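Student: I have a structure to learn. Can you take me through the reasoning behind its labels?

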Amino acid sequence: MVEVTADPTASGPTDPDRRKPSLGEQEAALDAHASLIDTDTDISAAEAIRIMGRTAALLKLFWGRFLVNFTLRLGAQLPGVLLPWPVKIVIDHVVLGEPIANATGYPAFMRPLLGALQGSTPVEILIWLTVIFAILVVLIGGFAPDARDTTEAYLEEGHDTATRQENLTHGGQSFAGGVWGYCEFKIQTRLTQSVNHLLRSQLFEKIKSLPMTTLDDQRIGDSVYRVMYDTPSVNKIFFEIVFIPVLCITLFVSAMLTTWSAYPDTPEIMYFAAALFPAYMIATTPFGRMIRRRHQASRAAGTVVTSTIEEGMDNVLAVQSLGGNKKEKERFGSDSKESFKRYRGTVLIEVIVYNLFGGLMERLMYAAVIVFVTTKVIEGTMSPGDYGALLFYFSWMRGLSMVLAQFWIFMQQHIAGMRRVYALMDLPMEVDMGSDTLPPITQGVSFRGAGLVYPDGRRALGDIDLEARIGQIVAFVGPTGAGKTSLAYLIPRYHVATEGTVLIDGHDVRDLTMESLREQVTYVFQETQLFSDSILDNIRYGKPDASQQEVERVARIAGVHDFIASLPEGYHTKLGTTSAKLSVGQKQRISIARGLLRESRILILDEPTSALDPETEQYLVQALHEAAKDRLVIIIAHRLSTIAHADQIVFLEDGRVLEQGSGDELMALEKGHYRNFVELQTASMKTT
């Protein structure tokens with residue numbers, strides 16, 4: 001495990017010059033531990049703006065539902081326009097008993113109601129207001145000056161980044177209650193899930209399309225974390241990039257006009273509220289990069305925890321057999337502790353920004369407004385009802401001004417998540433290098449001076465020249481690390497030759513579409529990959545329309561039919577619960593059957609008999625000779641019994657073809673490499 005707090009320059013625990021890494025160094029080490037392919041994690045302000053714009057572009061895919069949701073969100077603010085004035089009516093004309101005919105300090109839209117209430121007694125006014133309030137409660141919920149009646153269905157959240165993402169994935173809310181709030185909640189919930197599902201699906205598809213050389217450097221846990229816990233950030237940017245600026249400005253202007261209409265001689269309230277915006281922006285904007293860094297570190301730490309879980313479960317047999325339970329417990333505990341520590345870092349910076357800077361200014365401004373309005377009431381230029389109405393409207397405008405000012409800071413935590421999503425989305429995928437469609441293969445594969453150098457500069461293959469024809473079984477043989485698998489990977493273009501050419505029926509594989517190439521090349525990997533479906537569906541994964549009879553035929557060839565038939569549910573047995581109970585050989589035979597079923601013209605088997613008993617191996621080899629009558633079968637193997645009867649044996653060492661020919665031809669070479677390889681194996685078997 002990489003220790004994120006370790007100093008790589010330290011010579012040992014007793015080194016007097018050893019220093020604690022800086023916060024930046026710790027975060028850089030954490031990023032490198034989380035992912036080997038995404039290390040450029042520092043986000044500039046310009047890049048943050050580009051991420052917001054790229055995310056906002058998703059609006060065009062959902063503009064209809066978004067417009068409906070926006071309209072409902074705007075309508076949910078209706079209580080903020082109406083609520084203070086019935087309160088003022090109650091205070092001034094019910095409690096204090098002032099005639100409505102003498103009413104002052106009301107906006108223009110309240111005059112029709114005031115006209116209708118003229119001549120009413122205080123009790124009648126109270127009854128009419130109660131009826132109006134009852135209707136509004138049913139429509140938009142019950143409101144109070146210091147509380148909002150919201151509609152939401154959020155789950156309880158943990159105190160780390162990952163567990164807080166579930167509400168972003170599935171949550172919806174409305175600032176209103178009642179019928180209005182329910183409708184908005186339903187629409188927003190469906191829209192939230194649709195947006196997140198789209199991005200998740202795109203990211204998942206992109207990860208599957210990455211080249212193998214890239215996937216080799218990408219931890220599975222990191223990919224899972226990005227798909228599950230980083231993509232929900234899209235919802236906050238998607239909604240709030242329009243909702244916050246447009247709604248805040250619209251509502252602030254409407255509140256300002258309402259206040260101006262009711263109190264044209266008291267513009268100071270609007271000035272106080274508006275002054276919060278630039279003051280807060282100046283105080284908090286410099287913290288944007290710091291917030292992005294803290295949230296990136298929190299997500300990287302969460303990625304490490306997810307990877308630790310995945311690796312521990314994937315290697316549970318090795319952990320148990322080697323007595324590593326305590327070590328894995330400590331590793332997980334250390335990573336989990338680091339994750340919570342990094343999340344606490346995000347909380348700390350947000351407390352400083354929102355509360356220390358923003359909260360202090362907000363409270364000072366609120367205190368100044370209370371003093372100002374109270375003085376007006378004491379002087380008699382305003383009524384007690386005006387006091388409540390003005391403080392309500394100031395609080396409303398103050399909140400809108402603060403939300404708008406906090407918009408940039410609020411976006412930073414979600415920009416950190418979206419950067420991690422786009423970092424994978426923007427990686428070069430395994431794309432079609434050509435546009436030619438490969439016709440049915442009739443001849444075979446040719447290598448002409450083919451070579452392969454990995455992106456890190458390591459040479460895997462060099463100067464490969466060989467022919468492999470339809471109707472043959474060709475065996476790639478050689479010591480471990482000789483380049484056998486790398487050579488086979490060049491055929492379906494899992495790797496692309498960096499030198500020379502690989503030809504199929506004279507077509508350069510680089511000129512072919514990936515779909516047409518891989519339709520005719522089936523690769524059965526050494527590491528058996530089975531899905532949590534039935535055995536039937538596993539075998540016909542590459543040919544979903546295959547019949548039961550076809551599946552049973554290839555299962556017999558692979559020597560696994562009798563075992564499957566002995567299971568209580570036969571071919572319909574689900575491997576989700578039984579896979580762990582299958583032997584390695586049984587899994588391998590199911591995988592071979594799956595490869596045979598596709599009936600592709602080129603079949604590549606990587607160590608197909610490594611887990612088979614001698615009897616099953618001989619049965620499979622005979623079946624492969626039968627299958628090779630109308631296809632090219634390439635076997636990567638070490639066992640002599642598997643390769644001895646191959647039509648052509650290709651012996652590799654250090655990435656080069658040293659010998660090729662039939663088994664008898666190569667054994668006839670007195671100092672041949674293949675002969676020496678066979679003699680070493682034979683001697684080893686005699687010794688054992």
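**Reading the labels**

Tutor: Start with the largest cavity. Helix 24 (residues 584-597) gives the largest share of its lining, three residues. Keep in mind that this is a predicted model.

Student: Which residues line the largest cavity?

Tutor: Val524, Phe525, Gln526, Thr528, Gln588, Ser591, Ile592, Asp606, Glu607 and Pro608. A lining residue has an atom within 4 Å of a cavity point. The space inside the largest cavity is about 40 Å³.

Student: How many cavities of 30 Å³ or more does a search of the whole structure find?

Tutor: Two.

Student: Now helix 3. How do you know what helix 3 (residues 63-75) should span?

Tutor: Take 1.5 Å times one less than the number of residues. Helix 3 has 13 residues, so the expected span is 18 Å. Its end C-alpha atoms lie 18 Å apart, so the two agree.

Student: Which residues of helix 3 are buried?

Tutor: Phe66, Asn69, Phe70, Leu72, Arg73 and Gly75.

Student: Why is Asn69 called buried?

Tutor: Buried means under 20% relative accessible area. Asn69 has 0%, so the label fits.

Student: What is Asn69 in contact with, leaving aside its neighbours within four places in sequence?

Tutor: Glu184, Ile187, Gln188, Leu191, Phe239 and Phe243. Each contact puts heavy atoms within 4.5 Å.

Student: On to the cysteines. Is Cys183 called buried, partly exposed or exposed, and why?

Tutor: Its relative accessibility is 36%. Partly exposed lies between the 20% and 50% cut-offs, so Cys183 counts as partly exposed.

Student: And what makes Cys248 buried?

Tutor: Cys248 has a relative accessible area of 5%. That is under 20%, so Cys248 is buried.

Student: How many disulfides does the structure hold?

Tutor: Zero. A disulfide needs a pair of cysteine sulfur atoms within 2.5 Å.

Student: Last, the open sheet. In what order do its four strands run?

Tutor: The order is 4-3-6-7, with antiparallel pairing.

Student: Why are strand 4 (459-469) and strand 7 (507-508) called edge strands?

Tutor: Because each pairs on one side only.

Student: What makes strand 6 and strand 7 a pair?

Tutor: Pairing needs at least two bridges. Two bridges join strand 6 (residues 499-504) to strand 7, so they pair. These strands run antiparallel. Leu503 stands opposite Asp508 in strand 7.

Methods: Residues numbered from 1 in each chain as written. Predicted model: local features only at pLDDT ≥ 70, side-chain atom pairs only at ≥ 80, totals over all residues. Heavy atoms only, no water. Buried < 20%, exposed > 50% of the residue type's maximum accessible area, 1.4 Å probe, protein only. 1 Å grid on protein atoms, 1.4 Å probe; cavity = no way out; pocket = protein on both sides within 12 Å on 5 of 7 lines; lining within 4 Å. Points joined across faces, edges and corners; volume = space filled by probe spheres on them.
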